[in-house]
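Grab a pencil and work through these exercises with the structure open beside you. Try each task yourself before you read its solution.

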Amino acid sequence: AEAAPSRPRSHDLIYKEDLLLYIDTYLGSDRFAGEEAVWENGTPVWAMNYAGRVIGEPFSGDFLKLALLSGSREFPYRGAEMFKDGDYTYVCGAAGDFDWFEGGESIFYKSKKVYACRFHGGKII
């Protein structure tokens with residue numbers, strides 16, 4: 001669920017489970033930047049920065065949310081390496097591993113690219 005903004009006009013999503021705390025905070029909508037981070041028992045242990053933009057229509061935020069939910073434990077950066085629903089296709093690739101990585105994601109409507117995002121991050125020591 002969205003929480004009170006931590007910075008002017010930011011969007012903050014917070015999830016807690018036992019000793020783990022996850023916060024995703026981002027700015028903007030069609031052009032955006034943000035950071036996801038995880039704390040364990042009050043200590044930051046992992047973070048990822050991302051920035052992207054909508055580059056065409058018909059972009060679907062609902063499809064992006066579905067695609068982001070398609071991620072796995074083996075590929076946890078954003079969504080699955082590929083996710084399809086109707087005329088939309090989400091593609092995500094990353095180099096590195098959970099400790100240190102960088103990558104990007106795109107959404108295509110039919111064959112037209114309508115969204116692009118870059119990300120990087122890893123363990124906090």
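## Exercise 1: Follow the sheet

In β9, Ala116 is the bridge partner of Arg53. Keep in mind that you're looking at a predicted model.

**Task.** Work out how many bridges join β5 to β9, and in which sense the two strands run. Then find the order of the strands in the whole sheet.

**Solution.**
- Step 1. Start from the pair Arg53 and Ala116. The strands β5 and β9 are joined by nine bridges and run antiparallel.
- Step 2. Now zoom out: the open sheet has nine strands, in the order β1-β2-β3-β4-β5-β9-β8-β7-β6, with antiparallel pairing.
- Step 3. Check the ends. The edge strands β1 (2-3) and β6 (82-85) each pair on one side only.
- Step 4. Look at another pairing, β3 with β4, which is antiparallel over nine bridges. Here Leu27 has Ala33 in β4 standing opposite.

## Exercise 2: A hairpin and its turn

**Task.** Find how many residues lie between β8 and β9 in their hairpin, and which residue of β9 stands opposite Phe101.

**Solution.**
- Step 1. Count the bridges: β8 and β9 run antiparallel and are joined by 10 of them.
- Step 2. Move to the turn. Two residues lie between the strands of this hairpin, and Lys110 in the turn has a positive phi of about 60°.
- Step 3. Go along to Phe101, and you'll meet Gly121 of β9 opposite.

## Exercise 3: Two rings

**Task.** Decide whether the rings of Phe101 and Phe119 are stacked, edge-to-face or tilted.

**Solution.**
- Step 1. Know what to look for: a pair of aromatic rings is described by the distance of the centres and the angle of the planes.
- Step 2. Recall the cut-offs: centres must lie within 6.5 Å, and planes under 30 degrees apart are stacked, over 60 edge-to-face, the rest tilted. By this rule there are 12 aromatic pairs.
- Step 3. Apply them. The centres of Phe101 and Phe119 are 6.2 Å apart and the planes are at 55°, so this pair is tilted.
- Step 4. Place the rings. Phe101 is in strand β8 (residues 100-109) and Phe119 in strand β9 (residues 112-123), so the pair ties together parts that are 18 residues apart in sequence.
- Step 5. Widen the view: Trp46, Phe75, Tyr77, Phe98, Phe101 and Phe119 form one aromatic cluster.

## Exercise 4: Buried or not?

**Task.** Sort Phe101, Phe119, Met48 and Asp30 into buried, partly exposed or exposed.

**Solution.**
- Step 1. Use the limits: under 20% relative accessible area is buried, over 50% is exposed, and in between is partly exposed.
- Step 2. Phe101 has 3%, so Phe101 is buried. Phe119 has 2%, so Phe119 is buried too.
- Step 3. Met48, in strand β5, has 0% and is therefore buried.
- Step 4. Asp30 sits in the loop between β3 and β4. With 48%, Asp30 comes out as partly exposed.

## Exercise 5: The largest pocket

**Task.** Find which residues lie nearest the centre of the largest pocket, and which element gives the most to its lining.

**Solution.**
- Step 1. Get the volume: about 1,500 Å³.
- Step 2. Of the 37 lining residues, Tyr22, Asp24, Glu36, Leu68 and Arg78 lie nearest the centre.
- Step 3. β3 gives the most to the lining, with six residues.
- Step 4. Split the lining by type: 23 nonpolar, six polar and eight charged residues.
- Step 5. Go back to Arg78: its charged end sits over the ring of Tyr50, 4.6 Å from the ring's centre.

Methods:
Residues are numbered from 1 along each chain as its sequence is written. This is a predicted model: local features need pLDDT of at least 70, side-chain atom pairs count only at pLDDT 80 or more; totals for chains, interfaces and linings use all residues. Side-chain values use heavy atoms; hydrogens and water are left out. Rings of Phe, Tyr and Trp (its six-membered ring) pair if their centres lie within 6.5 Å; planes under 30 degrees apart count as stacked, over 60 as edge-to-face and the rest as tilted. Helices (H or I, at least four residues) and strands (E, at least two) are DSSP runs, numbered from the N terminus. Buried means under 20% relative accessible area, exposed over 50%, partly exposed in between (1.4 Å probe, protein chains only). A charge sits over a ring if NZ of Lys or CZ of Arg is within 6 Å of the ring centre and within 35 degrees of the ring normal. On a 1 Å grid over the protein atoms alone, a cavity is a set of points where a 1.4 Å probe fits but cannot get out, and a pocket is an open set with protein on both sides within 12 Å along at least five of seven lines; lining residues have an atom within 4 Å of a point. Grid points are joined across faces, edges and corners, and a volume is the space filled by probe spheres set on the points. Ala, Val, Leu, Ile, Met, Phe, Trp, Tyr, Cys and Pro count as nonpolar, Asp, Glu, Lys and Arg as charged, and the others, Gly among them, as polar. Two strands pair if DSSP finds at least two bridges between them.
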